[in-house]
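User: Please take a close look at how one pair of helices meets in this model, and then set that pair in the context of the rest of the chain. I would like a careful reading, with a word on how far the coordinates can be trusted.

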Amino acid sequence: MELTEEEIEFGYALGLYSVAGLNEYNIQLLRYLKEWGDNPREEYYPPGMSPTALLVYNLMLYDGPLYGRYQMHSHLLSRVLSRVEFDQSREVPDQIALYPDRATFERGENKKMRTKPGRAIRRILPFLTDKEVDQMVDEFRNQIAIDPSSYVFKSGETQEDFVHAYSHEQAPTANLDTTPNHKSLANSCMRHEFDGQSVHPCAVYASGDFTIHWAENKYGRIAARCIVRNSNKKAGPIYAVNQIVVDLMQERLDDLGVTFARNGDWNGAELLLIEENGGYVGPYIDIGPQALAVSSDGSSLVISDRGWIDASDYDGILHSDGRSEQCSHCEEYYHDEDMAGRTEDHDQICDDCAYNHYTRCDCTSLWISDCEIETVHLIRYGTETTESWGPNAIRCYATWIPHREEYWHDSDVIYDVHTTPITSADIDEGAWVMNDDGEYVPASEYEEQTDEAA
Ligand SMILES: [Zn+2]
């Protein structure tokens, strides 16, 4: 295939380094472009190729079944594909619209011809075999002109469901009108596998408070996903790969009575608590407040505007500016520095509640509700004193002395001949005395015995 002088000149003018080295496929592209009247002096920018043109471009140069079969000159190919304005038809989605010839092109936009995808591809790349054209048409139907009925919708609440929807291989991306509630899956920062940590950050949504809805294409690749809070049916954004599947997911959510969450609609929802690398495994959370607190029993994370764990990070481990904890008494969240400590039930309480409603047990150092605290008598350095004890300490280390109506520390309780518990106070007061056998007897009985002996 010999190039004419004129064609060689045209090629150099297009900015090709070596026109002489072009193979026959690229020569065909060059001639096509010359016939189309491409202006070589026109400033060349990487064109805003249509998704369909970009698909053909990528299939010829980068991936898919045709990769490596033809050595295409990327500069020539992109110039041809953008020059003919090769695109999916707006009227008939399974067809392609393009200018049939230069004359029509010059007459303008509304003179595009609509044709079957195979014919359109063959017109631009006439050297492809029938089989190759069929393969390219298949890709067009799989990635651009998608059959809506080919999508399968699924939902679930387990860690596996969340991780699958987030990190499984994604379907190819096509046209999508993005809005705050309809986002591009390709741009999601949470779609990676997060190999470096024990679980994918989205796994923490599997607390039972959330459901993940997702769509798979016919190859099982993820085409859309959306997280919904179960209690109020408030959803995060839909992330999807194209407009068709966004619309289908939207319909599905509408049918389920789900609406999009606003700031605060996920407040109080729980996430799994998984500590790792000095932080907590967790995703970027789309719905504000992007903050988490540790629940009062320490078993889960809670979305809360009082939280100190920052959930606006993308790196999979969320960090805290101090620890945030819930007071089991007033149920508010506080920075850990403002917490008083734990109760006998191992619940955390805040400083304010501790001051107003609790007393610290002198035995266990745990906080005891004022209505449960008891006074316990004991002997310290030979002197009777009292402490405040909680029920557990009482049960383990104190004895009720019925005749005194007092609790006494076990180590200061002795038993008389009748195994009645008495205290050193009873002895000091003379109510019990030691008999000749070294046993304590009530003073009244001792006098009787003495009287009898006399
Ligand atoms: Zn409190």
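Analyst: **The helix pair**

Helices H1 and H2 are roughly perpendicular to each other. This is a reading of a predicted model, in which the axes of H1, residues 5–14, and H2, residues 24–35, come within 10 Å and cross at roughly 90°; an angle from 65 to 115 degrees counts as roughly perpendicular, which is why the pair is described in that way. On the H1 side the meeting residues are Glu7, Phe10 and Gly11, and their partners in H2 are Leu30, Arg31 and Lys34. Sorted by class, this contact has three charged residues, two nonpolar ones and one polar one. The choice of residues along each helix can be read against a general rule: an α-helix has 3.6 residues a turn, so residues three or four places apart point the same way.

The chain around this pair has 13 helices and 31 strands. Its C-alpha trace spans about 150 × 45 × 35 Å along the principal axes, and its radius of gyration is 40 Å, whereas a compact globule of 454 residues would have one near 22 Å. Buried residues make up 34% of the chain. Of the contacts between residues at least 6 apart in sequence, 55% join residues at least 24 apart.

Thr52, which is found in helix H3, residues 51–61, gives an example of a residue set among others from elsewhere in the sequence. Thr52 has 25 other C-beta atoms within 10 Å and is therefore buried, since 20 or more is the cut-off for that class. Leaving out residues up to four places away in sequence, Thr52 touches Phe86, Asp87, Gln88, Ile96, Phe140 and Ile144. From Thr52 to Gln143 the separation is 91 residues in sequence, but 8.9 Å in space, taken from C-alpha to C-alpha.

Helix H8, residues 159–167, holds a run of buried residues, namely Asp161, Phe162, Val163, His164, Ala165 and Tyr166. Strands E4 (152–156), E6 and E7 (222–229) are included in what covers these buried residues of H8.

Several loops deserve a look at their backbone. In the loop between strand E13 (279–281) and strand E14 (291–294) sits Pro289, which is joined to Gly288 by a cis peptide bond with omega about 0°. Glu331, in the loop between strand E18 (324–326) and strand E19 (333–335), has a phi near 65°, a positive value in a residue other than glycine. Glu331 is exposed, with 10 other C-beta atoms within 10 Å. Thr419, in the loop between strand E28 (413–415) and strand E29 (421–423), likewise has a positive phi, of about 55°, although it is not a glycine; Thr419 is exposed as well, with 6 other C-beta atoms within 10 Å.

As for trust in the coordinates, the chain averages a pLDDT of 88, and 95% of the residues score at least 70. Among the elements, strand E6, residues 210–216, has the highest mean pLDDT, 98, and helix H13, residues 443–453, the lowest, 69. Where pLDDT is low, the predicted coordinates should not be read in detail.

Methods
Residues numbered from 1 in each chain as written. Predicted model: local features only at pLDDT ≥ 70, side-chain atom pairs only at ≥ 80, totals over all residues. Helix = DSSP H or I, 4+ residues; strand = E, 2+ residues; numbered from the N terminus. Rg over C-alpha atoms; globule rule 2.2 N^0.38 Å. Buried ≥ 20, exposed ≤ 12 C-beta atoms within 10 Å, placed from the backbone. Contact = placed C-beta atoms within 7 Å. pLDDT = per-residue confidence, 0-100. Axes fitted to C-alpha atoms, helices over the stretch in contact; angles between N-to-C directions. Parallel < 35°, antiparallel > 145°, perpendicular 65-115°, else oblique. Nonpolar A, V, L, I, M, F, W, Y, C, P; charged D, E, K, R; others polar.
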